[in-house]
Amino acid sequence: MPVTVLLVDDEPLVRAGLRAVLEAQPDIEVAGEAADGAAVIPLVRQLRPDVVAMDVRMPLLDGIEATRALLRTVPDPPKILVVTTFENDEYVYEALRAGADGFLLKRARPAEIVHAVRLIAEGESLLFPASVRQLAAEYGEGGGNRAARAALERARLTEREGEVLRLMARGLSNAEIAARLVVGTETVKSHVSGVLAKLGARDRTQAVITAYESGFVAPG
């Protein structure tokens, strides 16, 4: 089954460019388009895409609020890939904190766009971990986020789960973590699931942000 994508951007040329790149791939299908975040929820309910590629800045409802609304109201929501003009942007970090799974620059090369959609859909690795680390270093409150620290304390991660979380923060995939820890991939998947459940995190990105904002992992 192909990965289905909903494109959300107020610039028609951006949507057209993304559509052309993605539909050139045999395993990706563009399910629909929208010009503003306000249209996301009804379209997601109608089309059930695997991934929403969403501009972070739009006139009526921006990508941050659209992400919050989508995750709050739609059961089993799709993955959310924020599309942005600027990499080091507080809006991008706020979108990740709100629940987006990763971000992509509008100037990205076609191969990077395709890779980002596939990686987000699979959910087994962190997209652009160095950039997420840089954003966390600048906007993540230096490990002093009380909510994140409380979530980590409540989680009571085992020593092995802590190792897995640190490797997740470095961007390693399940297979790479398995090789590093000399265990099976299924064992790593089990540990990752345990970390997410204990932290109350929707995905790897949210778990890693909690790790940075709590001070469990230093973003520098």
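Two loop residues and a helix crossing

Q: Where is V182 found in this predicted model?
A: V182 is found in the loop between α9 (174-181) and α10 (185-199), where helices are DSSP runs of H or I with at least four residues, numbered from the N terminus. Residues are numbered from 1 along each chain as its sequence is written, and in this predicted model local features need pLDDT of at least 70, side-chain atom pairs count only at pLDDT 80 or more, and totals for chains, interfaces and linings use all residues. Side-chain values use heavy atoms, with hydrogens and water left out.

Q: Why is V182 called exposed?
A: The relative accessibility of V182 is 72%, and exposed means over 50% relative accessible area (1.4 Å probe, protein chains only), so V182 counts as exposed.

Q: What is noted about the phi of V182?
A: Although V182 is not a glycine, its phi is positive, at about 55 degrees. Most residues other than glycine have a negative phi.

Q: How do you know that R156 counts as exposed?
A: R156, which lies in the loop between α7 (146-155) and α8 (159-169), has 70% relative accessibility and therefore counts as exposed. Phi of R156, a residue other than glycine, is also positive, near 50 degrees.

Q: What makes α8 roughly perpendicular to α11?
A: The axes of α8 and α11 (residues 204-214), lines fitted to C-alpha atoms over the stretch in contact, come within 9 Å and cross at roughly 100 degrees. Angles of 65 to 115 degrees count as roughly perpendicular, so α8 is roughly perpendicular to α11.

Q: Which residues of α8 and α11 meet?
A: L165, M168 and A169 in α8 meet R204, A207, V208, A211 and Y212 in α11, contact meaning heavy atoms within 4.5 Å. The residues of this contact divide into 7 nonpolar, no polar and 1 charged, where Ala, Val, Leu, Met and Tyr are among those counted as nonpolar and Arg is among those counted as charged.

Methods:
Buried < 20%, exposed > 50% of the residue type's maximum accessible area, 1.4 Å probe, protein only. Axes fitted to C-alpha atoms, helices over the stretch in contact; angles between N-to-C directions. Parallel < 35°, antiparallel > 145°, perpendicular 65-115°, else oblique.
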